[in-house]
Amino acid sequence: MRASSARPIAFVAFGVALLLAGSWWGLAKAPGEVFMGDVQRIMYVHVPTAWNAMLALTFAFVCALCFLFTNAWKWDNRLEAGMEMGVVLSLLLCMQGSIWAKPTWGVWWDWDPRLTTTAVMVFAFGGILALRAFVDDPVKRAVWSSVACIVAFVDVPIVYFSVKWWNSLHQAQSTPQTVSSAFHLPLRINAFGILFLWVGLVGLRARVAALRRRGEMAPPLTQKQSATGRAPITGGAV
Amino acid sequence: MNALFAAFRKDLLLQWRGRTQMVAIFAFGAAALLLFSFAIGPDSSALREHAAGFLWLGLLLASTLSLAESFECEMEEQALEGLLLLPASTRALYYGKAIANWAQLALLGMALVPVMVVLYDAGTLRLFSLLVVILLGTAGLSAPGTLYAAMTSQTRARQTLLPLLLFPLVVPVLLAAVKATSLVILGDPMEQYRPWITLLGAFAVIHWSIGGLLFGRVVED
């Protein structure tokens with residue numbers, strides 16, 4: 001058991017190290033931006049968080065498809081872990097965006113397509129996590145959350161385009177091509193740092209999900225086992 | 001096809017026999033419309049401007065009641081198990097129920113329009129355009145709503161879960177339907193009605209297809 005958790009922990013450690021290095025570079029070494037000054041430095045975590053949030057939710061979607069086709073429990077473990085990670089990253093994304101928007105745009109919130117879509121994603125996938133919490137049967141829980149994950153994931157682009165038509169004010173997506181070359185390195189280091197971090201955490205979380213379900217699906221203790229165990233049986237047992 | 005029609009007929013008949021429920025849901029929607037005007041205040045021009053948004057919010061809130069009810073009755077006496085034993089595909093069951101829900105929601109929407117007109121002074125003579133918006137908008141609500149109601153009706157916290165799952169999903173329907181209804185009521189100088197209707201139609205087509213594909217897995221396992 002220790003051996004199987006060694007790799008995720010190594011991923012987490014490597015991710016944290018990369019994040020520290022990239023953030024140090026971004027905060028101390030990279031030049032400030034001409035118009036926004038130091039406020040812009042939040043980009044070094046904000047943009048990598050955005051990439052990784054999308055990646056984590058896409059991973060959850062792929063797990064949902066794989067589960068529905070194979071019925072293998074490992075995909076349900078990964079779905080649960082990936083979806084939680086996607087929701088956490090999306091929530092972080094909204095918070096970082098608000099912190100950046102207040103000094104830049106003068107408001108905490110703006111109804112721009114990507115911001116609004118991220119918020120809708122938090123609620124859509126957070127709702128599926130709530131669904132998982134309220135279904136006791138492991139089989140139903142796995143199938144239903146896979147179905148709901150697929151429906152929600154297919155919905156994301158429609159939400160994005162509808163909000164985009166509705167209202168638009170955000171700057172175009174940041175990619176290495178739209179960002180000055182002095183900012184590239186810390187951006188890339190942090191992107192890989194967050195990637196390793198969440199992949200490691202998903203590995204650990206999927207193991208927790210597997211162990212928890214093993215507990216749920218284990219047959220109840222027989223009277224003989226109970227009698228030899230610690231808990232005394234005081235009656236009612238047949 | 002026969003199975004689909006039979007399922008549709010059964011659900012429509014159920015709704016008709018329980019029509020007091022429909023009246024109660026309509027009363028709930030109308031009460032919501034009344035309450036929204038208290039939130040804005042008696043400013044008639046502001047009310048008229050927001051009438052479309054209130055109409056669709058009222059319809060959305062009321063729809064969770066009618067969608068949940070459509071599966072709650074299948075949970076009594078394990079009626080759903082009985083349906084699944086019939087020699088009919090789950091797809092036919094899904095489309096039958098979704099179309100019946102669509103009919104009910106569209107009827108509810110049309111019934112709420114006069115309430116909106118009276119309360120917010122938001123009358124229009126472009127009734128056909130308004131009808132198209134209501135039909136397409138409620139189609140977009142009923143397909144994912146039926147799919148999710150099938151799941152949440154079997155869970156512990158069903159009153160909370162259905163809106164929690166459905167509301168984020170139908171954000172495009174809400175946006176497009178509100179915009180299109182607004183354009184019908186307040187006038188459409190820029191000819192923006194058609195793109196919003198297209199969006200509603202596209203949403204409905206996508207969700208009616210994936211609903212039919214996935215419903216079997218939801219009820220069979």
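This report walks through the helices, the chain contacts and a few single residues of a predicted two-chain model.

Some ground rules: because this is a predicted model, local features need pLDDT of at least 70 and side-chain atom pairs count only at pLDDT 80 or more, while totals for chains, interfaces and linings use all residues. Residues are numbered from 1 along each chain as its sequence is written, and chains are lettered from A, with ligands numbered from 1, in the order in which they are written.

**Chain A overall**

Chain A has 7 helices and 0 strands, where helices (H or I, at least four residues) and strands (E, at least two) are DSSP runs numbered from the N terminus. Its pattern along the sequence reads α-α-α-α-α-α-α. Of its 238 residues, 40% count as buried. Buried here takes 20 or more other C-beta atoms within 10 Å of a residue's own, exposed takes 12 or fewer, and partly exposed is in between, with the C-beta atoms placed from the backbone. Two residues are in contact if their C-beta atoms, also placed from the backbone, lie within 7 Å. Take the contacts in chain A between residues at least 6 apart in sequence: 78% of them join residues at least 24 apart.

Gly15(A), in helix 1 (residues 2–29) of chain A, gives an example of contacts across the sequence. Gly15(A) and Gly193(A) are 178 residues apart in sequence, yet their C-alpha atoms are 4.1 Å apart in space. Neighbours within four places aside, Gly15(A) is in contact with Gly193(A), Ile194(A), Phe196(A), Leu197(A) and Gly200(A). Gly15(A) counts as buried because 21 other C-beta atoms lie within 10 Å.

**Where the chains meet**

Across the two chains, 26 residues of chain A are in contact with 24 residues of chain B. On the chain A side, helix 4 (113–134) and helix 5 (138–166) are the elements that give two or more residues. Helix 5 of chain A supplies the largest share, 17 residues. By class, that side of chain A has 22 nonpolar, 2 polar and 2 charged residues. Nonpolar covers Ala, Val, Leu, Ile, Met, Phe, Trp, Tyr, Cys and Pro, charged covers Asp, Glu, Lys and Arg, and the others, Gly among them, are polar.

Helix 7 of chain B turns up here too. Its buried residues are Leu161(B), Leu162(B), Leu164(B), Leu165(B), Leu166(B), Pro168(B) and Leu169(B). They pack against helix 4 and helix 5 of chain A, and also against helix 3, helix 6 (127–152) and helix 8 (171–186) of chain B.

**Helices of chain B**

Does a helix's length fit its residue count? The expected span is 1.5 Å times one less than the number of residues, and the table sets that beside the distance between the end C-alpha atoms.

| Helix of chain B | Residues | Expected span | End C-alpha distance |
|---|---|---|---|
| Helix 7 | 158–169 (12 residues) | 16 Å | 17 Å |
| Helix 9 | 193–220 (28 residues) | 40 Å | 41 Å |

Helix 9 of chain B also bends by about 40 degrees at Leu214(B), the bend being the angle between axes fitted to the seven residues ending there and the seven starting there.

Helix 2 (residues 19–40) and helix 3 (residues 44–75) of chain B pack at about 145 degrees, with axes 9 Å apart. Those axes are lines fitted to C-alpha atoms over the stretch in contact, and angles run from 0 to 180 degrees between N-to-C directions. The residues that meet include Phe28(B), Gly29(B) and Ala32(B) in helix 2 of chain B, and Phe54(B), Leu57(B) and Gly58(B) in helix 3 of chain B. By class, this contact has 14 nonpolar, 6 polar and 1 charged residues.

Leu174(B) sits in helix 8 of chain B and touches Trp56(B) and Leu60(B), not counting residues up to four places away in sequence. Leu174(B) is partly exposed because 19 other C-beta atoms lie within 10 Å.

**Two positive phi values**

Asn71(A) has phi near 60 degrees, a positive value in a residue other than glycine. Asn71(A) is in the loop between helix 2 (43–70) and helix 3 (73–105) of chain A, and is partly exposed, with 13 other C-beta atoms within 10 Å. Gln78(B) has phi near 50 degrees, also positive in a non-glycine residue. Gln78(B) is in the loop between helix 3 and helix 4 (79–85) of chain B, and counts as exposed, with 10 C-beta neighbours inside 10 Å.
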